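Hi,

Here is the structure I said I would pass on. Have a look at it first, and then read my notes below.

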Amino acid sequence: DADTMKLFSSTESLGISPDDLGSQVATYGIPEFGTKFVRQMLVDTMPKTFSELVRISGFSHGTDVWLNNAQDLIVSGTAKLSEAISARDDIMNYLIQKGMEPSLAFKIMEKVRKGKGVEPENVAKMRESNVPEWYIESCQKIKYMFPKAHAVAYVMMAFRIAYCKVHYPLAFYAAYCTV
């Protein structure tokens, strides 16, 4: 739903200005997307698709995945939102796409998601597969990563609630204000 999706990048669907709300995005009251931290992520990325919301959920639930890592890469133009590492699965799938053996891609993903970085011999193998330096450096910074399946579940729930906020505002606010 286009009007629901707009909540994550503007206040247009609510018919108010950012000044009226005190925020560039209209995700107050939307679980996982209403905090100042995640609202800033939305402003930095201006998501247009459900898939991009899943990536943002992955960023927000990891440690050293967004701050001093993906945020800098995206804002500087080094990486696109669709390229930056957001969830565990991103690493394994990307490395397999680059031609690495699936078992090695899995091993690297497991080390990175646990905050153990990439061992020097595997950094060399990543370079042999033409993995960009920014990607390798990003892997080295990560301390914990969220699984993509959890991010999808969170975003599905959040999007349903956002839909109600746009299309059934009376019910949304009645529930929100009484919980």
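Thr45 comes out as buried, because its relative accessibility is 14% and the cut-off for buried is under 20%. You'll find Thr45 in helix H3, which covers residues 36–45. Leaving aside residues up to four places away in sequence, Thr45 touches Ile56, Trp66, Ile74 and Leu81. Do keep in mind as you read on that this is a predicted model.

Next, the backbone. Most residues other than glycine have a negative phi, so I picked out a couple that go the other way. Asp64 has a positive phi, near 60 degrees, and is not a glycine. Asp64 sits in the loop that runs between helix H4 (50–61) and helix H5 (66–76). With a relative accessibility of 33%, Asp64 counts as partly exposed.

The other one is Asn68, where phi is positive at about 55 degrees, again in a residue that is not a glycine. Unlike a loop residue, Asn68 is found within a helix, namely H5. Its relative accessible area is 56%, so Asn68 is exposed.

Then there is a helix pair you may want to bring up on screen: H10 (residues 148–167) and H11 (residues 169–178). How do their axes cross? They come within 5 Å of each other, at roughly 120 degrees. That angle lies outside the 65 to 115 range for roughly perpendicular and is not over 145, the limit for roughly antiparallel, so H10 and H11 are oblique to each other. On the H10 side, the contact is made by Ile161, Cys164, Lys165, Val166 and His167. H11 brings Pro169, Phe172 and Tyr173 to the contact. By type, the residues in this contact of H10 with H11 divide into 6 nonpolar, 1 polar and 1 charged.

Now the charged pairs. Side chains of opposite charge can pair when their charged atoms come close. How many salt bridges are there? The count comes to 9, and I'll go through three of them here.

Lys111 and Glu119 meet through their side chains in a salt bridge, at 3.3 Å from N to O. Both partners are partly exposed: Lys111 has a relative accessible area of 28%, and Glu119 has one of 23%. While we are on salt bridges, some of them share partners, and in that way Asp3, Lys6 and Glu12 are joined into one network.

Within that network, Glu12 forms a salt bridge with Lys6, and the closest N and O atoms are 3.2 Å apart. Glu12 is exposed, at a relative accessible area of 53%, whereas Lys6 is partly exposed, at 27%.

The third pair is Glu110 with Lys114, where the closest N and O atoms of the salt bridge are 3.8 Å apart. Is Glu110 buried or exposed? Its relative accessible area is 17%, so Glu110 is buried. Its partner Lys114 counts as partly exposed, with a relative accessibility of 45%.

That's what I have for now.

Cheers

Terms used. Residues are numbered from 1 along each chain as its sequence is written. This is a predicted model: local features need pLDDT of at least 70, side-chain atom pairs count only at pLDDT 80 or more; totals for chains, interfaces and linings use all residues. Side-chain values use heavy atoms; hydrogens and water are left out. Axes are lines fitted to C-alpha atoms, for helices over the stretch in contact, and angles run from 0 to 180 degrees between N-to-C directions. Helices (H or I, at least four residues) and strands (E, at least two) are DSSP runs, numbered from the N terminus. Angles under 35 degrees count as roughly parallel, over 145 as roughly antiparallel, 65 to 115 as roughly perpendicular and the rest as oblique. Contact means heavy atoms within 4.5 Å. Ala, Val, Leu, Ile, Met, Phe, Trp, Tyr, Cys and Pro count as nonpolar, Asp, Glu, Lys and Arg as charged, and the others, Gly among them, as polar. Buried means under 20% relative accessible area, exposed over 50%, partly exposed in between (1.4 Å probe, protein chains only). A salt bridge is a side-chain nitrogen of Lys or Arg within 4 Å of a carboxyl oxygen of Asp or Glu.
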